[in-house]
Amino acid sequence: MLYLLAFLTGIFAQGFVSGKLVVDGDAAATATNILTHRGLFELGFTFYLIEMTCQIAITALFYDLLEPAGRSVSLLAAFLGLAGCVIKTMSRLFFITPLFILEARTI
């Protein structure tokens, strides 16, 4: 169930929100779309956070699942999974940053 939720929220955020707001090769149009559809942009970020929460829960479940195979194997899998979640979460901060920059410029 968590995989399905992570998959669907990722598709919505990346496919629908980013696909609707980002105009390839036109930063001004993208900026206008972000400011015009601020709620949709924030919803996309929220869906990215839900996706990451699901990924962290999946990592914890895999830790439990792999623990009978050996504690070191399960810890390695959990470490790699959490490292991936941290990297992806940090990259999501670059998704929301344009909103803050654009709002600061309009003040």
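Okay, quick one today. When I say two residues are in contact, I mean heavy atoms within 4.5 Å. Keep in mind that this is a predicted model.

Let's start with Phe-41. Leaving aside neighbours within four places in sequence, Phe-41 is in contact with Val-17, Leu-21, Ile-34, Phe-95, Ile-96 and Leu-99. Those names come back when we turn to the largest nonpolar core. That core has 13 residues, and the ones touching the most other members are Val-17, Leu-21, Ile-34, Phe-41, Phe-95, Ile-96 and Leu-99. Which helices feed this core? You get at least two residues each from α1, α2, α3, which is 38–66, and α4.

Now α1 itself. This helix covers residues 2–21, so to speak 20 residues on the page, and spans 27 Å from first C-alpha to last, close to the 28 Å expected at 1.5 Å a residue. On the burial side, α1 has Ala-6, Thr-9, Gly-10, Ala-13, Val-17, Ser-18 and Leu-21 buried.

Next, the pocket. The largest one comes out at a volume of about 150 Å³. It is lined by 13 residues, and closest to its centre you find Val-22, Thr-30, Ile-34, Phe-41 and Pro-98. So Phe-41 and Ile-34 turn up again, because they're on that list of residues closest to the pocket centre and also among the core members with the most contacts. For the lining, α1, α2 (27–36) and α4 (71–106) each give at least two residues. And what's the make-up by class? We have 11 nonpolar, 2 polar and no charged residues in that lining.

Thr-30 deserves a moment. This residue sits in helix α2. Is Thr-30 buried or exposed? Its relative accessibility is 13%, and the cut-off for buried is under 20%, so Thr-30 counts as buried. Beyond residues up to four places away in sequence, Thr-30 touches Leu-21, Val-22 and Val-23.

Last, two arginines, both in helix α4: Arg-92 and Arg-71. Arg-92 has a relative accessible area of 15%, so we call Arg-92 buried. What does Arg-92 touch, if we skip residues up to four places away in sequence? The answer is Gln-14, Phe-45, Tyr-48 and Glu-51. Arg-71, on the other hand, is at 53% relative accessibility, and exposed means over 50%, so Arg-71 counts as exposed. And how far is Arg-71 from Phe-41, where we began? They are 30 residues apart in sequence and 41 Å apart in space, C-alpha to C-alpha.

That's my tour; over to you.

Key: Residues numbered from 1 in each chain as written. Predicted model: local features only at pLDDT ≥ 70, side-chain atom pairs only at ≥ 80, totals over all residues. Heavy atoms only, no water. Helix = DSSP H or I, 4+ residues; strand = E, 2+ residues; numbered from the N terminus. Expected span 1.5 Å × (residues − 1). Buried < 20%, exposed > 50% of the residue type's maximum accessible area, 1.4 Å probe, protein only. 1 Å grid on protein atoms, 1.4 Å probe; cavity = no way out; pocket = protein on both sides within 12 Å on 5 of 7 lines; lining within 4 Å. Points joined across faces, edges and corners; volume = space filled by probe spheres on them. Nonpolar A, V, L, I, M, F, W, Y, C, P; charged D, E, K, R; others polar. Core = buried A, V, L, I, M, F, W, Y, C linked by side-chain atoms within 4.5 Å.
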